[in-house]
Amino acid sequence: MKIAILSRSLSLYSTRRLKEAGEARGHTMKVIDYLRCYMNITSRNPQVIYQGEPLEGVDAVIPRIGASNTFYGTAVVRQFEMMEVFVANESQAISRSRDKLRCLQILSKRGIGLPVTGFAHSTKDIEGLIDIVGGAPLVIKLLEGTQGIGVVLTETNQAATSVIEAFRGLNANILVQEFIAEAKGADLRCFVIDGKVVTAMKRQGAPGEFRSNLHRGGNADKVKLTAEERSTALKAAKAMGLRVAGVDLLRSKHGPVIMEVNSSPGLEGIERATGIDVAGKVIEYLEKNAGGKNKDRIKY
Ligand code: ADP
Ligand code: MG
């Protein structure tokens, strides 16, 4: 097959691993900087043009869209969908998962476990918002943050009010969440491909840090999930319409609660921690599904 990886750079670990894994299985792998793609949106003959040439004969696309380029990146993925190329994750599913609020709203409708979460526009409603989540300590986060940046723990209602006011003053959209203290700075990253959890790791934040992100100095180990954790992760990926997903959950006293669902989950942390060839499993999934089957599962 000819497989395109939509990624800014081959120097990224995940991109490099996907390329290696595809080549090892006999495919032609092409890394395409999606910000350098442009599109011809004519009737009946949609095209993606890269380095002056239309991209032709692509059998499957693996989107690795960076958080700061969601708008343009998903437009490129959508154009491939219009060309009826199989995509590992559809544009609509990527957009859904990128916005933490939209993601939680969809998950709540399906009855999937979540931390109690509130959202408001006006600073006049701060008191009510803090009440919804049961008061301090609570977590405040930017809707489109990533790698733990923009996630703040406030210990008192007064501190929470100041932080909410400051973010709102900058016109940033935030959500407010119950703090799951019993998770003790750890979360579970479940790597889901095509309705199965292929492997999972437990990430533990650095001492004194409540955020478990590896980018914040956390470390990770392979973990065995309970049946409930596994089914929660699968339900979450399915609700988002993601075929390849990194589902993060916390162990709370009411069972597993979803933190977020990632559409371009990193491979470095999970492959190191678990020793599983996750890149190879992504390619295997494309082999089984590209070429006509499984198309148009969700609407644009
Ligand atoms: P990001 O997209 O920046 O990774 P997350 O929402 O995943 O943002 O939060 C980062 C980390 O902070 C989580 O992995 C988790 O360890 C911690 N965290 C976030 N929200 C909560 C919460 N409500 N209770 C406890 N820990 C939290
Ligand atoms: Mg996270």
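**Entry 1. Ser264**

I take contact to mean heavy atoms within 4.5 Å. The model I am reading is predicted. With that cut-off, and leaving aside neighbours within four places in sequence, I find Ser264 in contact with Pro63, Arg64, Ile65 and Arg98. I located Ser264 in the loop between strand 16 and helix 8, the latter spanning 268-274. I then looked for a polar contact and found that the side chain of Ser264 reaches the backbone nitrogen of Ile65 at 3.3 Å. For a distance across the chain I chose Gly134, which is 130 residues from Ser264 in sequence. The C-alpha atoms of Ser264 and Gly134 are 33 Å apart in space.

**Entry 2. Domains**

I looked up the domain assignment of the protein chain. It gives domain 1 (2-89), domain 2 (97-112 + 182-289) and domain 3 (117-179). Domain 2 is therefore written as two segments, 97-112 and 182-289, in an assignment that is automatic or from a database. I computed the separation of domain 1 and domain 3 from their C-alpha atoms, and their centres are 37 Å apart.

**Entry 3. Nonpolar cores**

I next examined the largest nonpolar core, which has 23 residues. Ile3, Leu18, Ile62, Phe191, Leu267 and Leu286 have the most contacts inside this core. The elements that give two or more residues to the core are strand 1 (2-6), helix 1 (13-24), strand 6 (60-63), strand 12 (186-193) and helix 9 (278-289). Helix 9 provides the largest share, six residues. I also checked the core against the domain bounds: at least three of its residues come from domain 1, and at least three from domain 2.

I followed Ile3 individually. Not counting residues up to four places away in sequence, Ile3 touches His27, Thr28, Met29, Lys30, Ala60, Ile62, Ile283 and Leu286. Two of these partners, Ile62 and Leu286, are also listed with Ile3 among the core residues that have the most contacts.

I noted a second, separate core of 22 residues, which includes Val197, Ala236, Ala237 and Ala239.

**Entry 4. Ligand 1**

Which residues come nearest to ligand 1? Of the 21 residues around the ligand, I list Lys100, Lys141, Gly148, Glu178 and Asn213 as the nearest. Strand 9 (138-142), strand 11 (174-178) and strand 16 (255-262) each supply at least two residues of the shell.

I recorded three polar pairs that involve an oxygen atom of ligand 1:

- A polar side-chain atom of Glu260 is at 2.8 Å.
- An N or O atom in the side chain of Asp187 is at 3.1 Å.
- A polar backbone atom of Phe210 is at 3.4 Å.

I then turned to the surface of the ligand. Taken alone, ligand 1 exposes 540 Å², and the protein buries 98% of that.

**Entry 5. Lys100 and Lys238**

I compared the settings of two lysines. Lys100 lies in helix 4, residues 100-109. Its relative accessibility is 11%, so Lys100 counts as buried, the limit being under 20%. Beyond its neighbours within four places in sequence, Lys100 is in contact with Lys141, Leu142, Leu143, Gly145, Leu175 and Glu260. Among these partners, Lys141 is one of the residues nearest to ligand 1, and Glu260 has a polar side-chain atom 2.8 Å from a ligand oxygen.

Lys238 lies in helix 7, residues 227-240. I class Lys238 as exposed because its relative accessible area is 68%, and exposed requires over 50%. I also looked up its separation from Glu144: the two are 94 residues apart along the chain, with 21 Å between their C-alpha atoms.

**Entry 6. Backbone geometry**

Most residues other than glycine have a negative phi, and most peptide bonds are trans. I therefore searched for departures from this pattern.

A cis peptide bond joins Ala136 and Pro137, with omega about 0°. I placed Pro137 in the loop between helix 5 (126-132) and strand 9.

Gln51 has a positive phi, near 50°. Gln51 sits in the loop between strand 4 (47-50) and strand 5 (53-54), and I class it as exposed because its relative accessible area is 62%.

Phi of Asp194 is also positive, near 50°. I found Asp194 in the loop between strand 12 and strand 13 (196-204). Asp194 counts as partly exposed, since its relative accessibility is 32%.

Conventions. Residues numbered from 1 in each chain as written. Chains lettered and ligands numbered in written order. Predicted model: local features only at pLDDT ≥ 70, side-chain atom pairs only at ≥ 80, totals over all residues. Heavy atoms only, no water. Core = buried A, V, L, I, M, F, W, Y, C linked by side-chain atoms within 4.5 Å. Buried < 20%, exposed > 50% of the residue type's maximum accessible area, 1.4 Å probe, protein only. Helix = DSSP H or I, 4+ residues; strand = E, 2+ residues; numbered from the N terminus. Near = heavy atom within 4 Å. Polar contact = N/O pair within 3.5 Å; in protein donor to acceptor, adjacent residues only side chain to side chain. Areas by Shrake-Rupley, 256 points an atom, 1.4 Å probe, with all protein chains shown as cover.
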